[in-house]
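Colleague: I am new to this kind of work and would like to learn how to read a few features step by step. Could you walk me through them while we look at the structure together?

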Amino acid sequence: MKNQKLSLRYKAILLIILFGVLLGFVSIGISAVVINRLINNNYRRRAENISSTLAVTINTDQVEALRNNVLKIYESCDEKVLSSEWGSDAFNAYIAKFSSIEQTPEYQELLTFIRSEQDVNDVNCLYLWWLDQKQEVFLYLIDGSYDDQVPVGVIDPLFDVNRYLLDNPDTKMTPYITNTEEYGWLVTAAMPIHSQKDGSLLAYATVDLSMNAIKAEVRRYLFLLLGSFIVLTVILIIIYSRVMDGMLIKPIKLLSDTATRYYRNKDLTGIHHAFSELKIKTGDEIEELSESLKQMEFDMNNNIMNLLHVTNELNTTKDQVQQINKLAYKDGLTGVKNRLAYDQKMEELSQKAKNGYRSFGMAVIDLNDLKHINDTYGHERGNLSILAIAKKICNTFAHSPVYRIGGDEFVVILENTDFQNRDKLIQQFEASMK
C-alpha cells in the first residue's frame, strides 16, 4: 500500500490543533486546580467563622440545659440505634423517646436563634451535637435546617477525619470537605461550646455549607473556558494557515516546482535557468535558500561551460593525435603504410604464426634502376616513378595492406581472398608492368 504523505500545510494545522488542545487542557486543568483550591479555602474559612460566631454568641445556659435533658434520655436507653438504621421500627421507637425535648423552652429558643443565624449567614444547616467519647459517636442535640431536619437524639458514628477529637475534645474541628451522593459537596466546620460558669465542654456548634452551586458555576466556567479555547484555536488555525501560505507554503512550493523544472527542463548543453528566475522576498531562511540555489545554479552553469570548453579542446586534441598517429604509420610520399607500420604488422603476424596461423603471404616489389633515373632525370622524376609503381601495386592488391619499407622497396601482406588468389594477382601485376 502506498504511503499517504501529509503536506506541510496539514502538518502545521495538526501542530496548531495539538498545541491548542494541549494548551487548553493544561490551562483548564491548572484553572480547575487553582479555582477549586481558592473556593475550598474560602469556604473552609467561612464555615469556620460561622461556627465560631455561633459558638461564642449562643446562650450557653440554654445549651447546657438542652444537653442535660437529651443526655438523660440517651443514657436511659438500653438500645441506642444508629442513623444507619434510619426508617426502621427500632430507629423510630428510639427517636420517639426524644419527642418531648422539642417542646421545652430552651429547645424552642435555641432553634429560633440558630435559624436566625442561618438566615443572616445565608446557610441551610446549623446544628449542635455532643461527643460520646466512650461509644465514639456524636449525638444530635438540635438541627436548625428548614428541610430534612435531623431529629433530636440521632446518633452518627464519628468519621475517621474527626477521630482526633477523642483525644482532644476541647479543640476545634478542622474544616473538611465531602462529596456524597445524598448531599453533594459540603464543607463542615465545628467549634466547641464551653460553659461560661466552669469552662467545661458543652457541645459543638457545627455548620454544613453546601458547595453545589459554586461547583456547578465552576464547571460552567470551565466549559466556557474550553469553548473559548476551541474558538481561539480555530481562529489561530485560520490566521496561521493564511500567514503560512504567504511566508512559508507558497515559497517552498515555488522552490519545489523550480527544482522539478531544474532536472526536467534544460538545453542541449546541460545549462539550467530555472532558479535564476525566482523572485522570493520573505526576509528569512527561505529567501537565503533561494539565493543559495541561484548561486548554485550559476556556479554549475559555469562549471558546465568550462567542462564543455575542456571537452571541445580534448576532442580537438584527440583528433590531432589521431591524425598524428595516422601520419606516423603513413609514408609521406606515396600515402601507403610505412616501415613502422610494417614492423608492427610483422610482430602481429609472428604472434599468429606461433599459434599455427599459416594463411598469409608476402609480395616483395622493388623499382629497378631508381638510382639511374635519379641520376639521369633528377629526384623529382624518381619520385614520380615511385608514385607510379605504388599506384599500380595498390590497384592490383586492392584488398591487402601495402607498405613502403625502403626507397624503392614495397611489401604487400596477402591474407584472406588475396592470399587465395595470389597467383592471379601476381600475373595481373606483372602484366600491368610491361
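Colleague: Let me begin with one residue: where is the place of E136?

Modeller: Please keep in mind that this is a predicted model. E136 sits in the loop that runs between β1 (126-132) and β2 (137-143).

Colleague: What is the value of phi at E136, and what sign does it have?

Modeller: As a general idea, most residues other than glycine have a negative phi. In this structure, phi of E136 is near 60°, which is a positive value in a residue other than glycine. D148 is another case, with a positive phi near 55°, and D148 is found in the loop between β2 and β3 (155-157).

Colleague: Is D148 buried or exposed?

Modeller: The reading depends on the relative accessible area, where under 20% means buried, over 50% means exposed, and values in between mean partly exposed. D148 has a relative accessible area of 73%, so it is exposed, whereas E136, with 32%, is partly exposed.

Colleague: Which residues gather with D148 in a patch of negative charge on the surface?

Modeller: D148 gathers there with D147, E181 and E182. Of these, E182 lies in the loop between β4 (173-180) and β5 (184-194), and because its relative accessibility is 63%, E182 counts as exposed.

Colleague: Let us turn to salt bridges: how many does the count come to?

Modeller: A salt bridge is read from a side-chain nitrogen of Lys or Arg that lies within 4 Å of a carboxyl oxygen of Asp or Glu, and by this rule the count comes to eight salt bridges. One of them brings us back to E136, whose side chain meets that of R163 at 2.6 Å, N to O. R163 lies in the loop between β3 and β4 and E136 in the loop between β1 and β2, so this pair ties together parts that are 27 residues apart in sequence. R163, at 31% relative accessibility, also counts as partly exposed.

Colleague: Which residue forms a salt bridge with R404, and how far apart are the closest N and O atoms?

Modeller: The partner of R404 is D331, and their closest N and O atoms are 3.3 Å apart. This pair links distant parts of the chain, since R404 is in strand β8 (residues 402-404) while D331 is in the loop between α6 (285-328) and α7 (339-354), 73 residues apart. Both partners fall under the 20% limit for buried residues, because R404 has 15% relative accessibility and D331 has a relative accessible area of 12%.

Colleague: What separates K345 and E348 in helix α7?

Modeller: Being three residues apart in helix α7, K345 and E348 are separated by about one helical turn. Salt bridges that share partners join K345, E348, K352 and E415 into one network. Within that network, the side chains of K345 and E348 meet at 3.8 Å, N to O, and K345 counts as buried at 14% relative accessibility, whereas E348 counts as partly exposed at 36%.

Colleague: To finish, which residues form a nonpolar patch on the surface?

Modeller: That patch is formed by L22, V26, I30, V34 and L38, which together have about 460 Å² of accessible area. V34 lies in helix α1 (residues 8-57), and with a relative accessible area of 42%, V34 is partly exposed.

Terms used
Residues are numbered from 1 along each chain as its sequence is written. This is a predicted model: local features need pLDDT of at least 70, side-chain atom pairs count only at pLDDT 80 or more; totals for chains, interfaces and linings use all residues. Side-chain values use heavy atoms; hydrogens and water are left out. Helices (H or I, at least four residues) and strands (E, at least two) are DSSP runs, numbered from the N terminus. Buried means under 20% relative accessible area, exposed over 50%, partly exposed in between (1.4 Å probe, protein chains only). Patches are made of residues with over 30% relative accessible area and no salt bridge: like charges are joined within 9 Å, nonpolar side chains (Val, Leu, Ile, Met, Phe, Trp, Tyr) within 5 Å. Accessible areas come from the Shrake-Rupley method with a 1.4 Å probe; for residues, only the protein chains shown count as cover. Lys and Arg count as positive and Asp and Glu as negative; His and the chain ends are not counted. The place of a charge is taken as NZ of Lys, CZ of Arg, CG of Asp or CD of Glu.
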